[in-house]
Amino acid sequence: MNLLIRLIISTLSILVASYVLPGVHVDSFVTAMIVAIVLGCLNIFIKPFLILFSLPAVIFTLGLFLIVINTFIILITDALIDGFHVNNFWWALLFSFVMWIVSSALNMIKQEDEKTQE
């Protein structure tokens, strides 16, 4: 059940970010759900290798290079999914920030709801 809720939160954050940013386009709710699944899979399987190979840059920038890695993960997702399009690197960077803010807000709402149910 928790996985389904996390998928819905990610999907909603993708839809909100694509609505707010004119450089990001998502065709439908189903496409946003597929984007959420692919982003999750890429974060699980590809991101650790990217971090490992760029470890000197991550250490030198005190972790700020991880933002660049997240942006590249979004651009890879753009290349894999037809109904999802990001215009360039900067829109992918903004998409990452907006998605993070919306996901954080939705997760806080979820946690507040869980506390009230106890």
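**Burial, helix spans and a pocket**

Biologist: Why is Ser13 called buried?
Modeller: Ser13 has a relative accessible area of 0%. Buried means under 20%, exposed over 50%, partly exposed in between (1.4 Å probe, protein chains only). So at 0% Ser13 is buried.

Biologist: What are these values based on?
Modeller: This is a predicted model, where local features need pLDDT of at least 70, side-chain atom pairs count only at pLDDT 80 or more, and totals for chains, interfaces and linings use all residues. Residues are numbered from 1 along each chain as its sequence is written, and side-chain values use heavy atoms, with hydrogens and water left out.

Biologist: Where does Ser13 lie, and what is Ser13 in contact with?
Modeller: Ser13 sits in helix 1. Helices (H or I, at least four residues) and strands (E, at least two) are DSSP runs, numbered from the N terminus. Leaving aside neighbours within four places in sequence, Ser13 contacts Met99, Val102 and Ser103 (heavy atoms within 4.5 Å). Those three are among the buried residues of helix 6.

Biologist: How do you know that the span of helix 1 agrees with what is expected?
Modeller: The expected span is 1.5 Å times one less than the number of residues. For the 19 residues of helix 1 that gives 27 Å, and the end C-alpha atoms are 27 Å apart, so the two agree. The buried residues of helix 1 pack against strand 1, helix 2 and helix 6.

Biologist: And how far does helix 6 reach?
Modeller: Helix 6 (residues 89-117) has 29 residues and reaches 42 Å from first C-alpha to last, close to the expected 42 Å. At its start, a side-chain oxygen of Asn88 comes to within 3.1 Å of the backbone nitrogen of Trp90. What covers its buried residues includes helix 1 (2-20), helix 2 (29-45) and helix 5 (65-80).

Biologist: Why is Thr77 called buried and Ile76 partly exposed?
Modeller: Thr77 has a relative accessible area of 0%, so Thr77 is buried. Ile76 has 33%, so Ile76 is partly exposed. Both Ile76 and Thr77 are in helix 5. Thr77 touches Val35, Val38, Leu39, Leu42 and Phe84, not counting residues up to four places away in sequence. Ile76 and Leu39 are 37 residues apart in sequence and 8.9 Å apart in space, C-alpha to C-alpha.

Biologist: Why does Val58 count as buried?
Modeller: Its relative accessibility is 10%, so Val58 falls on the buried side. Val58 belongs to helix 4. Beyond neighbours within four places in sequence, Val58 is in contact with Gly63, Phe65, Leu66 and Ile69. Its C-alpha is 26 Å from that of Ser13, 45 residues away along the chain.

Biologist: What makes Leu62 stand out?
Modeller: Leu62 has a positive phi of about 55°, although it is not a glycine. Most residues other than glycine have a negative phi. Leu62 lies in the loop between helix 4 (55-60) and helix 5. At 79% relative accessible area, Leu62 is therefore exposed.

Biologist: Which residues of the lining are closest to the centre of the largest pocket?
Modeller: The largest pocket has a volume of about 820 Å³. Of its 25 lining residues, the closest to the centre are Ser10, Leu39, Gly40, Asn43 and Met99. A pocket is an open set of points on a 1 Å grid over the protein atoms alone, where a 1.4 Å probe fits, with protein on both sides within 12 Å along at least five of seven lines; lining residues have an atom within 4 Å of a point. Helix 1, helix 2, helix 5 and helix 6 each supply at least two lining residues.

Note on methods: Polar contact = N/O pair within 3.5 Å; in protein donor to acceptor, adjacent residues only side chain to side chain. Points joined across faces, edges and corners; volume = space filled by probe spheres on them.
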